[in-house]
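User: I would like to learn how to read helix packing and burial in a model. Could you take me through one, feature by feature?

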Amino acid sequence: MFQGHLFSLIRKDIIIEWRQKHTLFGVLLYVGSTVFVVYMMSGQPEVKIWNALFWITQLFVAVNSVAKSFLQESAERFRYYFTIVKPAHFLAAKMIYSVVLLFIMSLVSLLLFNLMLGNPLVQTGLFVIITMVGSISLSVVFTFLSAIAARAQQNAALMAILGFPIVTPILMMLSNLAAKAISPVYQPGWWTLALALLLLDLLVVVLGVILFPFLWQE
Amino acid sequence: MRRSWWKVVCIILLFYTIIGGFLLPVPVRFILNETIRNLYFHVPMWFTMILLFGISFAYALKYLRTGNLKYDIYSVEFTKVGVFFSIMGMVTGMEWAKYTWGEPWSNDPKQLATAVCMLMYFAYLILRGGLKDEEKRAKISSVYNVFAFALMIPLLFILPRMVDSLHPGNGGNPGFNSYDLDSRMRMVFYPAVMGWFLLGYWMTTLRIRVSLINHERDNNFEIDA
């Protein structure tokens, strides 16, 4: 039952995305132009700057792609979903969908970064894995915050204000983790940091599932 | 009078903190010297801030459980006073750092963590400001309050591991715990923490009373002569 609802919700989101291709390509174009702007400003920077720029780009892409998850739905449609699915399923479906979307966008921006800003990666596989963890962390936080912003009938700017303080430490952890994949330096406590980040993601999901029902009632 | 004994205690403790804090002997430390007395003023601000945010979190939870708007008023007033204490803590800390570390802002993890906390709670106040409907404002901001507080606590433990701290007692810097002389400072420090916290609590109760009266007046449709 759980599986059925969850999957049909995710499928619904993907189908909507596919039918409204202009928003999907809009986000893709956003990724492309952001990386291009970064490239025009910085050229091919040194490794540490490359890392910082990459994660800042991720942050902006996350705000813009994940914002759609709740903000694109109208209040009437919310009421309809309210009558047919459990809030936890609905939130989980939105989160999974955002993670997938952001991961694809992250891969695109990684590709563009390699193309334009140079390729400093020494462990590409590891970096892709960290990018994936990054997509999970950023999208679960922003999905929940976009639910708050949507309920407050506000735009994506409110989501950014609410989210930036929370994701700042997460981005710092991500860029520290990614440093291992970029330059061959010895980093003590890397696994602890990775574990801490995953636990933090889990905490966000659990909090979201607990708090979302309150947000949903009118 | 029986119910306000703690206000008397608060005043006595704060007088003791200010007089004792400036006059009682303190251990002499390299670089810190007399600025070590800031311990009685700066550190209790953080403790008070965390406690007030904690109480605010508890009331936000209580609001979500009961739906009673009174608890939302409690929660937001605790947050506002907590924000005030965070600003005071930041100011006293930066003033101290200017003379001890040479500059008011030096990327210290505790400073960063506080800046993050402050941004979170400023965002909370902005979120509330944008909502006109009372019930909705209470519900949405309580949800954000719980979410932010629950995430802030682990972050406060993680952030200091990312960057080396300049604070006394961190990264090989002498703190007041690492010597035997500290008992003299504890004599003032613990009362100071109590005193400042009681002051914060007192301030909040006053604000809550005003808010409750305003709330009552706004929701009263009787026309009095």
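Analyst: Let us begin with a single residue, A:A93, which is found in helix α6 of chain A, a helix that covers residues 87–116. Please keep in mind throughout that this is a predicted model.

User: Is A:A93 buried or exposed, and on what count does that rest?

Analyst: The general idea is to count neighbours, with a residue called buried if 20 or more other C-beta atoms lie within 10 Å of its own. A:A93 has 22 other C-beta atoms within 10 Å, and A:A93 is therefore buried.

User: Which residues is A:A93 in contact with, once its neighbours within four places in sequence are left aside?

Analyst: With those neighbours set aside, A:A93 is in contact with A:L6, A:L9, A:I10 and A:D13. A related reading comes from A:F7, which is 86 residues apart from A:A93 in sequence, while the two C-alpha atoms are 7.5 Å apart in space.

User: How does the same reading go for A:I129, and in which helix is its place?

Analyst: A:I129 has its place in helix α7 of chain A, which covers residues 124–151. Here the count is 15 other C-beta atoms within 10 Å, and because a residue is buried only from 20 upwards and exposed at 12 or fewer, A:I129 is partly exposed. Its C-alpha atom is separated by 9.9 Å from that of A:A181, a residue 52 positions away along the chain.

User: What can be said of α7(A) as a whole, in its span and in how many of its residues are buried?

Analyst: For the span, one compares the distance between the end C-alpha atoms with what a rise of 1.5 Å a residue would give; the 28 residues of α7(A) should span 40 Å, and the end C-alpha atoms are 40 Å apart, which agrees. As for burial, α7(A) is mostly covered, since 21 of its 28 residues are buried. Following α7(A) comes A:Q153, whose phi is positive, near 55°.

User: How should I read the packing of two helices?

Analyst: Two packed helices are described by the angle between their axes and by the distance between those axes. In the case of α7(A) and α8(A), the axes come within 9 Å and cross at roughly 165°. Angles over 145 degrees count as roughly antiparallel, and α7(A) and α8(A) are therefore roughly antiparallel to each other. Their crossing is right-handed, and the residues of this contact divide into 20 nonpolar, 4 polar and 1 charged.

User: At what angle do α7(A) and α9(A) pack, and which residues meet there?

Analyst: α7(A) and α9(A) pack at an angle of about 20°, with their axes 10 Å apart. That makes α7(A) roughly parallel to α9(A), and the crossing of α7(A) and α9(A) is left-handed. Among the residues that meet are A:V133, A:I136, A:V140 and A:F144 in α7(A), and A:L197, A:V204, A:G208 and A:F212 in α9(A). The residues of this contact divide into 12 nonpolar, 2 polar and 2 charged.

User: What is the angle between α8(A) and α9(A), and how far apart are their axes?

Analyst: Helix α8 of chain A, residues 156–182, packs against helix α9 of chain A, residues 190–216, at an angle of about 145°, and their axes are 10 Å apart. α8(A) passes α9(A) in a left-handed crossing. On the α8(A) side A:I170, A:M173, A:N176, A:L177 and A:K180 take part, and they meet A:W190, A:L193, A:A194, A:L197 and A:L200 in α9(A). These residues divide into 8 nonpolar, 1 polar and 1 charged.

User: How many residues does each chain bring to the contact between chain A and chain B?

Analyst: The contact takes 23 residues from chain B and 24 residues from chain A. On the side of chain B that touches chain A, α4 (109–129) and α5 (134–162) of chain B each supply at least two residues, and α5(B) gives the most, with 14 residues. That side divides into 21 nonpolar, 1 polar and 1 charged.

User: How many helices and strands does chain B have?

Analyst: Chain B has 6 helices and 0 strands, and buried residues make up 38% of its 225 residues. One of its helices, α2(B), covers residues 42–66 and reaches 36 Å from its first C-alpha to its last, close to the 36 Å expected at 1.5 Å a residue. α2(B) is followed by B:G67, whose phi is positive, near 75°.

Notes:
Residues are numbered from 1 along each chain as its sequence is written. Chains are lettered from A and ligands numbered from 1 in the order in which they are written. This is a predicted model: local features need pLDDT of at least 70, side-chain atom pairs count only at pLDDT 80 or more; totals for chains, interfaces and linings use all residues. Helices (H or I, at least four residues) and strands (E, at least two) are DSSP runs, numbered from the N terminus. Two residues are in contact if their C-beta atoms, placed from the backbone, lie within 7 Å. Ala, Val, Leu, Ile, Met, Phe, Trp, Tyr, Cys and Pro count as nonpolar, Asp, Glu, Lys and Arg as charged, and the others, Gly among them, as polar. Axes are lines fitted to C-alpha atoms, for helices over the stretch in contact, and angles run from 0 to 180 degrees between N-to-C directions. A crossing is left-handed if the near helix is turned anticlockwise from the far one by less than a right angle, and right-handed if clockwise. Angles under 35 degrees count as roughly parallel, over 145 as roughly antiparallel, 65 to 115 as roughly perpendicular and the rest as oblique. The expected span of a helix is 1.5 Å times one less than its number of residues.
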